[in-house]
Structures are given as structure tokens and as C-alpha cells.
Amino acid sequence: MATTPLMEDVTVDGSVDYKSRPAHRSSSGGWRSASFIIAVEVAERFAYYGISSNLISYLTSSLGQSTASAAESVNTWSGTATLLPLLGGFVADSFLGRYRTIFFASLIYILGLGLLTLSVALTSTDVSECESTKNGTSCSPPLFQVILFFFSLYLVAVGQGGHKPCVQAFGADQFNALDPKESGAKRSFFNWWYFSFSAGINLSLIVVVYIQENLNWVLGFGIPCIVMLAALLVFLLGSRTYRYSIKGNEQNPFIRIGRVIVRAARNWRSAPLGLAAEEETYMCDQSSEQFKFLNKALLAPDSIMEGQEKCRVSDVNETKALLRLIPIWATSLAYAIVFSQTTTFFTKQGVTMDRTIFTGFKIPAASLQTFIGFAIILFIPIYDRIFVPLARSLTGNPSGITMLQRIGTGMIVSALSMAIAALVEKKRLKVAEEYGMVDEPNATIPMSIWWLVPQYVLCGVADVFTIVGLQEFFYDQVPEGLRSVGLSLYLSVIGVGNFLSSFLVSVIDKATGKYGHSWFANNLNRAHLDHFYWLLAGLTVVGFLAYLHFARSYIYKRANES
């Protein structure tokens, strides 16, 4: 007699277990599997921020770079590290799959961290001598050690490029969007994901940065390597519990999208004849009014393309879905420029201020970044448990507010953080002038470092809205087969923002340097970071207005398909 399987033990469409058998809901996926993946991300963020958060201090001390050059180096590396996920996502979605990509990327990551630790150990420069010089550029290690350091640093970026887009997508894959209960858990997953890895970042900023500042750089870079090795082991331990997405017999999504663009270009001047009934129905859909030129990809192949596979409605729909993301991506870049300041100029500001917590102990300037994490850790439960239910009761939206509304709210908060940063820096310069310390770059300004806390906290709150919103938006709105690429698109916003920040610093440094003191002079008491912060606040407002224009006309993919 046939038995009815329990609802909890039904199979999950499109997923298999570690033995390539249909994945059962009761024995795979869910929060159990996601917890392994979240633990891996916590460790990876611990390792990454153990390197990146205080990198500018290492470059200006041990490697003897100027403040502006070090900021450019950090921004360029950070930009590269957050653009490489585009390549990692492509490799995962097209060839290796997410699980294998995470595994191989982790090996590269660990190798890069190991070589980075070795390069720091080989550096024989006396850090105290570098710090005692006025311009910070008179003592640099041998060229070979500098090359090894940056080679290792960029190897870490390559490893992160494969790791970052796949881990979060793989975690989200553990929840079935078609199941009401798991669908709700999936919405919370993005919030709690950011909550968890923020805890990892904070731990790194407290422990690793303290070791780097007070013990030695070798141990400070070696600990992230050990933690990353442990992360790989944890990831492998969860292998038996994961759900692995399987691809159907459909063609590679990149090929399908490319064919749509090529076919539409070839049929640019063709009349819309010979469309099948399905295509004619589609032409009446609301979404077809956007990027109408792509509809011509549905025309019957001409003699040149005869024999080639015909474009389908779904192929055109996927292509339009990707193109609709471009304006949102582009108008989010101003926010990303602000995002890059927390690990560069915010830290250099803090170095000049009174960092004494109690007699004999000074907080490392880079550790103030923990307030970003603390703000995230505090605000995400408030957002998820209080704000969303309250907003849901008012809007009827299951998420409280739309993804685009969430992103835009964070942009406004980030503009406010830059305005406050500018006012605090203006006060710091005034205090330096009042105490006659303008020409004493190594002196401690009698102004508490706690003045910087509000700008860090506001950056954290902005991240809860914009960064989490971008993650969910790009994961949700890309075609099904491009989820890893979707998350790498969100990371590429941060990457390009870092490059734009580096470009702005370079141009402004050269322009203002011609007329006296650069805004980014090595002596920050003669610099004008306040002017730079006001400029960023203005750019963020302009970016938000442009974003608002495109967000209002955006048509959500899910709504189109329902």
C-alpha cells in the first residue's frame, strides 16, 4: 500500500544532495546548512578585514608611502578585490558551480595570506624610524619585498573574487523560494548574514588590529591565514548537509543573452513580421515597453542566421532583466565612494587624535571601525523584528519596504554621515590651530577620538539599508542561472566606487597641491579632509536624485513573471 510522504520530506526541485540524489527538505538545506556557510563567511570577513582595515597604516609606516599614495593603493586594491567577483561569479555559474568555486578560491586565498605573512616577516625596515620621519617616505624596504607584498595582496584579492559571490549565493540556495516557510527564512537570511559577518569584522578589528599596532605585523597578518584555513575545514564539514543546485539542459545563460543582443542588432532595421502567437502576446506585456529594440531578436532568422537556434521569449526577458539593473548599479556608485572612506581617511583622522582609553592603553585608530559593526549588529534585529513588521502593516509588502526603497534610504543616511564627518574634521583642524599644533604632524591633537563615533555609526546604519538591499536586489532580479553573477554585481558597485575614490583623491591631490597645501597632505593638520567630505556629501545627494529617477520607473522581474 502506497504511503503519503510527509510534507517535511518532499524533494526540492532543482536541488540534489551530496550524493547527487534528489534533495529532501527534511535532511538538507535550511538554517542547519546555512549556519555552516555563515560561519565560513564570518571567518573570511575576519581574515579580509584583518588585512584591509589597517592596511593604510602598514603602507605609511613599514612601506614608507605618503598618505595620498597609501590611500590610492588601498582603494585600488579594494576596488580590484570587489570587481574580481564578476569573474568568480562567471566561472561558478558557467563552469565549476558554487561549491567547487568556493573550494578552489579558498585554497588561493590561503596561499595569498601565507605569502603575505612571509613578505611581512622578510621586511627588515624599522617601523619606529619610519614613523618618526616627517614625510613618512624616507625608509622603504627592498624592491623585492615590496613586489612580494603586493603580489601576495593581489593573490588574496583573486581568492576573495571567487569566494565572495559564491558563498552568499550558495547560502541562499539552501532555502526553497517556492516553500512559504523557507521563503520567509530566505528573506531573513540576507539580514542575518550581514549581522553575522559584521560580528566577524568587529572581532578582527578588535583583536587583529590591536596585535598589529601593539605586538607585530607578522602575527597580525598570520592570524587571518590560520582563520581562513579553519574556514575551509568548516565548509567541508557541512558538505553532507548542503543542497546543490543542478542545471537543466538549457544553454549557458551568457550565450543566450549574447545571442539576443546579436540577433536584435542584426534585425535593427527589420520590420516586426513573422512573430509567433506567443511572441505577439509578449509584445503586449508592460515590460516589453522597456528596451523595445530587443524584441527584434524574436524575429524569424534571416538567411545569414538560418539554421541557428531561435531566440525565445524567456531569453529576451532575461536580457531585459539584466539591462534594467544598469541604471540602479550606476547611480549607487556615489554611495560606494563614501563606503571606501571608512578604511582610509577615517583611520588617518583617528591617528592624530587622543586615543587614550585609560592610562597606558590607547585604542588603535582602525579599531574605531568596530562601531560600524556594532551599529549593524544592533540595528539589524531592530530592522528585522520591529521595523519590517511595522512597515508591513502599513504597506502590505512582505518585506516592509521594497528593495529599492531600502537602498535609497541608506543613501540619504550616508550623505548625512559625510556631512557630520566634515563638521568633526573642521573642529579637529580648529583645535590643532588653537593649540599651535598645525606644524606638528606627529603630535596628538587634544580632542578625543570618540568624536569620530557618530560618522562610523551612521555608516553602519547606512550599510544595513543600502548594502543588504543591494545584495538582495541583485540576487533576486538577475536571471535564475546568474545568481552568483548577481551578487558579484553588488560587489562591483563597491569595487568601482573604490576606483572612483582613488581617482578623485589623485586628481584633487594634484590640483590642490599646485596652490599650496593638498587636501590630503601628509600633515593632516594642514590638509583639508573636511572639504573632501563635503564634496562626497554633495556627490551622494546628486547620486540619490539620479537613483530616485530610475528607481521610480523600475519594473521588478518577479512582478513581471507572476
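**A cavity, a helix pair and a small sheet**

The largest cavity here has a volume of about 490 Å³ (a cavity is a set of points on a 1 Å grid over the protein atoms alone where a 1.4 Å probe fits but cannot get out; its volume is the space filled by probe spheres set on those points, joined across faces, edges and corners). Keep in mind that this is a predicted model, where local features need pLDDT of at least 70, side-chain atom pairs count only at pLDDT 80 or more, and totals for chains, interfaces and linings use all residues. Residues are numbered from 1 along each chain as its sequence is written, and side-chain values use heavy atoms, leaving out hydrogens and water.

Who lines that space? There are 32 lining residues, and Arg 45, Tyr 49, Phe 339, Thr 342 and Ile 494 sit closest to the centre (lining means an atom within 4 Å of a point). Helix H8 gives the largest share, five residues (helices are DSSP runs of H or I, at least four residues, and strands are E runs of at least two, numbered from the N terminus).

H1 (residues 30-52) also packs with H3 (residues 67-83), at about 160 degrees with axes 12 Å apart (axes are lines fitted to C-alpha atoms over the stretch in contact, and angles run from 0 to 180 degrees between N-to-C directions). That makes the two roughly antiparallel (over 145 degrees). Tyr 48, Ile 51 and Ser 52 of H1 meet Trp 77, Ser 78 and Ala 81 of H3 (contact is heavy atoms within 4.5 Å).

Now the strands: E1 (residues 11-16) pairs antiparallel with E2 (residues 22-24) over two bridges (pairing takes at least two DSSP bridges).

Key: Parallel < 35°, antiparallel > 145°, perpendicular 65-115°, else oblique. 1 Å grid on protein atoms, 1.4 Å probe; cavity = no way out; pocket = protein on both sides within 12 Å on 5 of 7 lines; lining within 4 Å.
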